[in-house]
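This report covers the surroundings of the ligand and the packing of two helices in one model.

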Amino acid sequence: MKKVFILANPSSGKKQAEKYAKSAKELYEKKGWQVTIKITQEKADISRFTKEACENEFDILIVLGGDGTVSELVNVLKNVKHKPTIGIVPTGTVNNIAQGLGMNTDPEKAVDELIKGSQKTIDVGEINDQLFVSSISAGSIPATVWKVSKEQKEKLGPLAYFIEGLKSLNDNEPYSVEIRLDNQEPIEIDLSLLVVGVSNSIFGIDYFFDNAHYDDKKLHLFCVKQTNLGKQFVTFSRVLTNNEVTSEDNIAFSTTFEQASFQLKQGKTNVALDGEKGPTFPLTVKIHPHFVNFLVPA
Ligand SMILES: Nc1ncnc2c1ncn2[C@@H]1O[C@H](COP(=O)(O)OP(=O)(O)OP(=O)(O)O)[C@@H](O)[C@H]1O
């Protein structure tokens, strides 16, 4: 009999996680699975319950939450002997990770999809000893990601990020970064945006890195150089309308790497990790290929 641990963050998204967790338990028990359900009361419970699921060797750990919850949970898996297979029921606001895995964004359908699903071994990124499952980013747009209030997120969903992002183009402060990719010579560039992603879906845009896959053993880098507001706007519009990210006038560029370092040479900027506040510069970033199994639609 499969041992299944359900971990639900009731504060995520529209606050429906507890409700869906209970209906998931009912459905999975009918299927003959042995189900334990835990509802988090605070952030620290995410790692506490994940450790419990690993120590007691559960086969499957189903998480009901958004990117923040999934990211917190995956960070626990770095130091455990037994990693359960993870399944996501996306009850967050943006749910990039679930989207990148091809999960249904309707939690009810996702609950059902996980029973019939298959397993996929996915890559994760590491930045200064912290794991990320979706992306890290630096610049005024990512800085707004964690400034977006819970209320704005509930009301506007992913659109809240876009609106705040566009507003932030105005107070874009220049910063200069020395980038060293794999064994290449370092380059120093004045940037307004730096994004490193594990999969295609970033900031709620599911084609941000069009060719990226969760199991391609690569990290994907997208940079926008410092330029005037108009050109930046055009570049972001291209990204948002699924056009080429590499613009003719070299304002933006994208590439892939396995390990890299980023050193801040001038100015200051914040780093976001899976939509939450991340570490500070200097950054050492690498891929962990095939780190953990996830349940994905069949
Ligand atoms: N009871 C709670 N249990 C767990 N985390 C909580 C709780 N209350 C507040 N939080 C906060 O919720 C954050 C995780 O929320 P999460 O990111 O999963 O949802 P979201 O922000 O709605 O979705 P998304 O990140 O996809 O936009 C945690 O980092 C933690 O700070």
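In this predicted model, the ligand is surrounded by 22 residues, of which S11, T40, G66, G68 and G92 come nearest. By residue type, the shell consists of three nonpolar, 14 polar and five charged residues. Helices α2 (44-55) and α3 (67-76) each supply at least two residues of this shell. The helix that gives the most is α3, with three residues.

Helix α1 covers residues 17-30. At 1.5 Å a residue, its 14 residues should span 20 Å, and the end C-alpha atoms are indeed 20 Å apart, so the two values agree. A17, Y20, A21, A24 and Y28 are the buried residues of α1. Seen down the helix axis, these buried residues fall within an arc of 105° and therefore line one face of α1. An α-helix has 3.6 residues a turn, so residues three or four places apart point the same way. E26, E29 and K30 are exposed on the other side of α1. After α1 comes G32, which has a positive phi, near 100°.

Helix α5 (107-116) is among the elements that the buried residues of α1 pack against. In α5 itself, P107, A110, V111, E113 and L114 are buried. Their arc around the axis is only 165°, which puts them on the same side of α5.

The table lists the two helices with their buried residues, arcs and packing partners.

| Helix | Buried residues | Arc | Packs against |
|---|---|---|---|
| α1 | A17, Y20, A21, A24, Y28 | 105° | β1 (3-8), β2 (34-39), β3 (60-65), β4 (85-90), α5 (107-116) |
| α5 | P107, A110, V111, E113, L114 | 165° | α1, β3, β4, β15 (283-296) |

Note on methods:
Residues are numbered from 1 along each chain as its sequence is written. This is a predicted model: local features need pLDDT of at least 70, side-chain atom pairs count only at pLDDT 80 or more; totals for chains, interfaces and linings use all residues. Helices (H or I, at least four residues) and strands (E, at least two) are DSSP runs, numbered from the N terminus. The expected span of a helix is 1.5 Å times one less than its number of residues. A residue is buried if 20 or more other C-beta atoms lie within 10 Å of its own, exposed if 12 or fewer, and partly exposed in between; C-beta atoms are placed from the backbone. The arc is that of the directions from the helix axis to the C-beta atoms. Two residues are in contact if their C-beta atoms, placed from the backbone, lie within 7 Å. A residue is near a molecule or strand if its C-beta atom, placed from the backbone, lies within 6 Å of it. Ala, Val, Leu, Ile, Met, Phe, Trp, Tyr, Cys and Pro count as nonpolar, Asp, Glu, Lys and Arg as charged, and the others, Gly among them, as polar.
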